[in-house]
Amino acid sequence: MTIELPLPIPNDPQFVYPVSDLDLAKSLISTTITHPALIIPSKLTATLRNALKNVLMNRPKLKDVYQILPEDHHSDPSINPKTERKIVLTNDNKEHPNENIYSHPTVKQLLDEATTIRKSTHAVIFGYDHFTVEQTLSKILPKEELSEIPSSFEVIGHLAHITLREEYLPFKHIIGRTILDKNKGIQVVVNKTGTIQNEFRTFPMEILADDRKNGMKKDGELNLLVEVKEDGSRFQLDFEKVYWNSRLQFEHRRIVHLITGKDRPTNVKRREIKIQGEKGDGKQVQISDTIVVADACAGIGPFAIPLTSQYNNVRVYANDLNPASYKYLEINGKLNKCNGKGKLRTYNMDGREFLRKLDNEGIKYDHVLMNLPAIAPEFLNVFRGWKGDYDHRPMIHVHCFAAKVEGEKEAIARCGRSLGCQLDLEMDEVSVHEVRNVSPKKNMYCVSFKLPEGVKNVEQVQVFGDVSGINDDYREGEDEPATKKSRSR
């Protein structure tokens, strides 16, 4: 069976090229390039490699020094295979672009001064193993008919995640296998087949290539259990069942530093603070400088885990509605030794019910995290009629999606509508941080503010309704195109 390259776009929109076509293509994309070379004494190999380091061929996965081949000896009987080697040079003479590499000062000096060094050539065969993902796919796919070559992807542990547009779907198995073959640390490649629409922020996906010994489970689950490391913490997760985005690493770090103080040392010592006794008797009361955080949409713990594993003075009440996220939140708490002295307490319930529960139990918190960008601002109605301590208003951090143009104003207004009162930019210490680009017209933002005093005059919400029917403009929608993922090889 033979094929022609580049592969044509099939007439049948449902047709998908089998991965076996990639094997057929491998022999067709090989090419031979003749490079200049030098015959050198074997005993001087190390010395000459160092002297010629700036003019060596230096191509990935290819050597610069070779033993003498029989054909070399036949073409030039003066070559001695036992005492000589061939060192391969680049075709690019950067110092003299219009001249060959033999004119380079270093090469020319060696040829002029050493009679044992002679000119030669070497035929270099470049095949599938030597090309990058982009180079390979540009030879196999019909790049003239496609908008671009989808060679970039996000890495989560040993998993590569790519988002393919519809035009690439006929080639999806070839793309997946190429990515897997050329990245040693990757064992499985998945493609997102839809957008995030459910309350757990997970999305449908399919496996494009899989080299794992324990691949897909019999019940149809993809079995995408991975472990990732981020800023000194370890996280286990099932990528099919929970939300994880490696591009949010810097936002996770920013929030942790914002809460703890960027210059605050790890394992900060407890310190004594002099405060006036409740009865006004002037006695000194010792309290610990503890920071209490309520993480309403904690996921698997990207904020809660580093806060409680790396800082002795932080206590986190962490909640997530997704049972799978709650499961891995607890696993990651134990994995990172966060559970000592009740520093990390976990819950599996609605985010608003969770915050109301803390309030009813008299638990005071300094910070509230709401990292559910599609609907988090609508959760703020839990603070209407808040009955907490207004002399100690907590800092609220709400992640949301909004337009690129005047998105900051839109995000602040949305928070105010849910709270039932406007935010005062100065009194409520309002700030907006642009987290990342989500799509051509949409950004992700984080709005931080002190809970406004105005909420105490708003009627408290007794029954929390469904917020899943909000404007689709606020939903995650299409993510970055495949060419804007975080890693490409």
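**Cysteines**

I started with Cys338 in this predicted model. Its relative accessibility comes out at 1%, so I put Cys338 down as buried. Then I ran the disulfide search, and the count came back as zero. I looked up Cys446 as well, and Cys446 is in no disulfide. How far away is the nearest cysteine sulfur? It belongs to Cys400 and lies 8.1 Å from that of Cys446. A disulfide needs the two sulfur atoms within 2.5 Å, so I crossed this pair off. Cys446 is buried too, with a relative accessible area of 1%.

**Ser448**

Next I went to Ser448, which I found in strand β17, the run covering residues 442-450. Buried or exposed? Ser448 has a relative accessible area of 3%, so it goes in my buried column. I then checked what its side chain does: a polar contact of 2.8 Å joins it to the side chain of His397. I also listed the neighbours of Ser448, skipping residues up to four places away in sequence. His397 turns up there again, together with Leu258, Met395 and Ile396. The rest of that list is Glu429, Val430 and Ser431.

**Aromatic pairs**

On to the rings. I noted two things for each pair I opened, since a pair of aromatic rings is described by the distance of the centres and the angle of the planes. How many aromatic pairs does the structure hold? I got six. One of them is Tyr347 with Phe354, at 5.2 Å centre to centre and with 55° between the planes, and I logged this pair as tilted. Tyr347 is buried at a relative accessible area of 15%, and Phe354 is buried at 0%.

Then I opened Trp386 and Tyr390. Their ring centres are 5.2 Å apart and their planes stand at 75°, which is why I have this pair down as edge-to-face. I checked burial here as well: both Trp386 and Tyr390 are buried.

I also followed the ring pairs around Phe15. They link Phe15, Tyr17 and Phe171 into a cluster.

**Lysines over rings**

Last, I looked for charges sitting over ring faces. Which lysine lies over the face of Phe131? I found Lys139 there, at 4.9 Å from the ring centre. For Phe401 I wrote down Lys442, which lies over the ring face at 5.8 Å from the centre. Lys442 also took me back to an earlier entry, as strand β17 spans residues 442-450.

Terms used. Residues are numbered from 1 along each chain as its sequence is written. This is a predicted model: local features need pLDDT of at least 70, side-chain atom pairs count only at pLDDT 80 or more; totals for chains, interfaces and linings use all residues. Side-chain values use heavy atoms; hydrogens and water are left out. Rings of Phe, Tyr and Trp (its six-membered ring) pair if their centres lie within 6.5 Å; planes under 30 degrees apart count as stacked, over 60 as edge-to-face and the rest as tilted. Buried means under 20% relative accessible area, exposed over 50%, partly exposed in between (1.4 Å probe, protein chains only). A charge sits over a ring if NZ of Lys or CZ of Arg is within 6 Å of the ring centre and within 35 degrees of the ring normal. Helices (H or I, at least four residues) and strands (E, at least two) are DSSP runs, numbered from the N terminus. A polar contact is a pair of N or O atoms within 3.5 Å; within protein, one must be able to donate a hydrogen and the other to accept it, and residues adjacent in sequence count only if both atoms are side-chain atoms. Contact means heavy atoms within 4.5 Å.
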